[in-house]
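Could you walk me through this protein model, pausing at the side chains that deserve a closer look? A friendly tour in plain paragraphs would suit me well.

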Amino acid sequence: MNSAVDRAVTCMWQRYRDPLSLSDIAQSATLGRFHFTRVFKEQTGVSPGQFLATVRIYQAKRMLLVGSMSVAGVSSAVGYGSLRSFTGHFTDSVGISP
């Protein structure tokens with residue numbers, strides 16, 4: 001993988017709890033937003049937003065399996081601002097509701 005993409009992936013894994021914007025992620029890769037988006041998708045096959053959503057859902061599954069947090073708590077802990085949005089993304093990704 002390209003080092004700029006590696007930096008962006010590391011940023012997303014480390015900061016998935018934060019309200020990351022495309023600009024934030026592109027900045028971690030030291031690229032402009034549009035160029036970064038193109039390079040990221042070429043290297044990974046998905047958009048930066050899709051990748052971040054996947055990281056968040058992965059972490060949410062872990063938290064729900066091993067923790068005692070409520071669904072609303074997990075939703076907030078993985079960076080979703082809305083429980084409804086989290087539930088929709090989780091259900092679409094996993095096939096069952098959280």
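The side chain of Arg56 comes within 3.1 Å of the backbone oxygen of Val78. This is a predicted model, so please read every distance here as computed from predicted coordinates. Arg56 belongs to helix 4, which spans 48-66. What is unusual about the charge of Arg56? The residue is buried and yet has no salt bridge. Asp18 is the nearest side chain of opposite charge, and it is 7.5 Å away, whereas a salt bridge needs a nitrogen to oxygen distance within 4 Å.

The charged end of Arg56 also sits over the ring of Tyr80, 5.9 Å from the centre of that ring. Setting aside neighbours within four places in sequence, Arg56 is in contact with Tyr16, Asp18, Pro19, Leu20, Val78, Gly79 and Tyr80. Asp18 is thus among the contacts of Arg56, although the two form no salt bridge.

Where does Asp18 find a salt-bridge partner? Asp18 pairs with Arg15, and their closest N and O atoms are 3.1 Å apart. Asp18 is partly exposed, at 30% relative accessibility, and Arg15 is partly exposed too, with a relative accessible area of 34%.

How many salt bridges does the structure hold? There are 2, and another one to visit joins Glu42 and Arg38, at 2.9 Å from N to O. These two residues are both in helix 3, 4 residues apart, or about one turn of the helix. Glu42 is exposed, with a relative accessible area of 54%, while Arg38 is partly exposed at 44%.

Stay with helix 3, residues 33-44, for another pair: Phe36 and Phe40 are 4 residues apart there, separated by about one helical turn. Both are buried: Phe36 has a relative accessible area of 0%, and Phe40 is likewise at 0%. The model has 5 aromatic pairs in total. In the pair formed by Phe36 and Phe40, the ring centres are 5.5 Å apart and the planes meet at 50°, so the pair is tilted. Phe51 joins in as well, since ring pairs link Phe36, Phe40 and Phe51 into a cluster.

Val46 offers another view of this neighbourhood. It is found in the loop between helix 3 and helix 4, and at 28% relative accessibility Val46 is partly exposed. Not counting residues up to four places away in sequence, Val46 touches Phe40, Lys41 and Phe51. Two of these names, Phe40 and Phe51, also belong to the ring cluster. Looking further along the chain, Val46 and Trp13 are 33 residues apart, and their C-alpha atoms are separated by 16 Å.

Now move to the loop between helix 2 (22-28) and helix 3, where Thr30 lies. Which backbone angle stands out at Thr30? Its phi is positive, about 55°, although Thr30 is not a glycine. Most residues other than glycine have a negative phi. Thr30 is exposed, with a relative accessible area of 58%.

The tour ends in helix 5, residues 71-77, where Ser75 is found. Is Ser75 buried or exposed? Ser75 is buried, with a relative accessible area of 2%. Apart from neighbours within four places in sequence, Ser75 is in contact with Tyr80, Ser82, Leu83 and Phe86. Tyr80 brings us back to the start, for the charged end of Arg56 sits over its ring.

Technical notes:
Residues are numbered from 1 along each chain as its sequence is written. This is a predicted model: local features need pLDDT of at least 70, side-chain atom pairs count only at pLDDT 80 or more; totals for chains, interfaces and linings use all residues. Side-chain values use heavy atoms; hydrogens and water are left out. Rings of Phe, Tyr and Trp (its six-membered ring) pair if their centres lie within 6.5 Å; planes under 30 degrees apart count as stacked, over 60 as edge-to-face and the rest as tilted. Buried means under 20% relative accessible area, exposed over 50%, partly exposed in between (1.4 Å probe, protein chains only). A charge sits over a ring if NZ of Lys or CZ of Arg is within 6 Å of the ring centre and within 35 degrees of the ring normal. Contact means heavy atoms within 4.5 Å. Lys and Arg count as positive and Asp and Glu as negative; His and the chain ends are not counted. A polar contact is a pair of N or O atoms within 3.5 Å; within protein, one must be able to donate a hydrogen and the other to accept it, and residues adjacent in sequence count only if both atoms are side-chain atoms.
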